[in-house]
Amino acid sequence: MQYAAAEQAWYMPAAVAATTMAESAVASVERLASESAVVVFSVSSCCMCHAVKRLFCGMGVHPTVHELDLDPRGRELERALARLLGYGPAGSPVVPVVFIGGKLVGAMDRVMAAHINGSLVPLLKEAGALWL
């Protein structure tokens, strides 16, 4: 499958960070989100996650990607992300969730709205992820 190998070459998932058991999932999300200019919490098989990663890479931004399905604490982190987004326990799928400059931007709808209304590029510039 030449296509699959080429498709995954445009970004590198973040290494699974070792965290202490005492660190809460929300604290872990906040710490991970503050470690890079652009952070995407994703699931490797999610088409919307793929679209948001492609959007950033197409703009010349290379986000740090945390694939929750590859992280041993993925379910716990996903529940923490749902709380941060204000979703209930039986809410719609959480991912992708984007942080820019350590600040929560939101899910795909918020990222696309920011892109369409022109506010995404200034956010990326302010975070140091884009130098245009």
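Strand β1 is largely enclosed by the rest of the structure, because five of its five residues are buried. Buried means under 20% relative accessible area with a 1.4 Å probe, counting protein chains only; over 50% is exposed, and in between is partly exposed. Strands here are DSSP runs of E with at least two residues, helices are runs of H or I with at least four, and both are numbered from the N terminus.

This is a predicted model: local features need pLDDT of at least 70, side-chain atom pairs count only at pLDDT 80 or more, and totals for chains, interfaces and linings use all residues. Residues are numbered from 1 along each chain as its sequence is written, and side-chain values use heavy atoms, with hydrogens and water left out.

**Faces and neighbours of β1**

In a regular strand the side chains alternate between the two faces of the sheet. Both faces of β1 are covered. Val38, Val40 and Ser42 lie on one side, Val39 and Phe41 on the other, and all are buried.

β1 pairs with β2 and with β3; strands pair if DSSP finds at least two bridges between them.

| Partner of β1 | Sense | Bridges | Partner of Val40 |
|---|---|---|---|
| β2 (residues 64-67) | parallel | four | Val65 |
| β3 (residues 97-100) | antiparallel | four | Val98 |

Val40 therefore has a bridge partner in β2, Val65, and stands opposite Val98 in β3. From β1 the chain crosses through helix α3 (residues 47-58) to β2. This β-α-β crossover is right-handed: with the strands pointing away from the viewer, the path from the first strand over the helix to the second runs clockwise.

**The aromatic pair**

A pair of aromatic rings is described by the distance of the centres and the angle of the planes. Rings of Phe, Tyr and Trp (its six-membered ring) pair if their centres lie within 6.5 Å; planes under 30 degrees apart are stacked, over 60 edge-to-face, the rest tilted. The count is one aromatic pair. Phe41 and Phe99 form it, edge-to-face, at 5.8 Å centre to centre and 75° between the planes. Phe41 sits in β1 (residues 38-42) and Phe99 in β3, 58 residues apart, so the pair links distant parts of the chain. Both Phe41 and Phe99 are buried.

**The whole chain**

The protein has six helices and four strands, in the order α-α-β-α-β-α-β-β-α-α. Of its 132 residues, 40% are buried. Contacts are heavy atoms within 4.5 Å. Among contacts with a separation of 6 or more, 65% join residues 24 or more positions apart. The accessible surface is about 7,500 Å², 60% of it from carbon and sulfur atoms, by the Shrake-Rupley method with a 1.4 Å probe.
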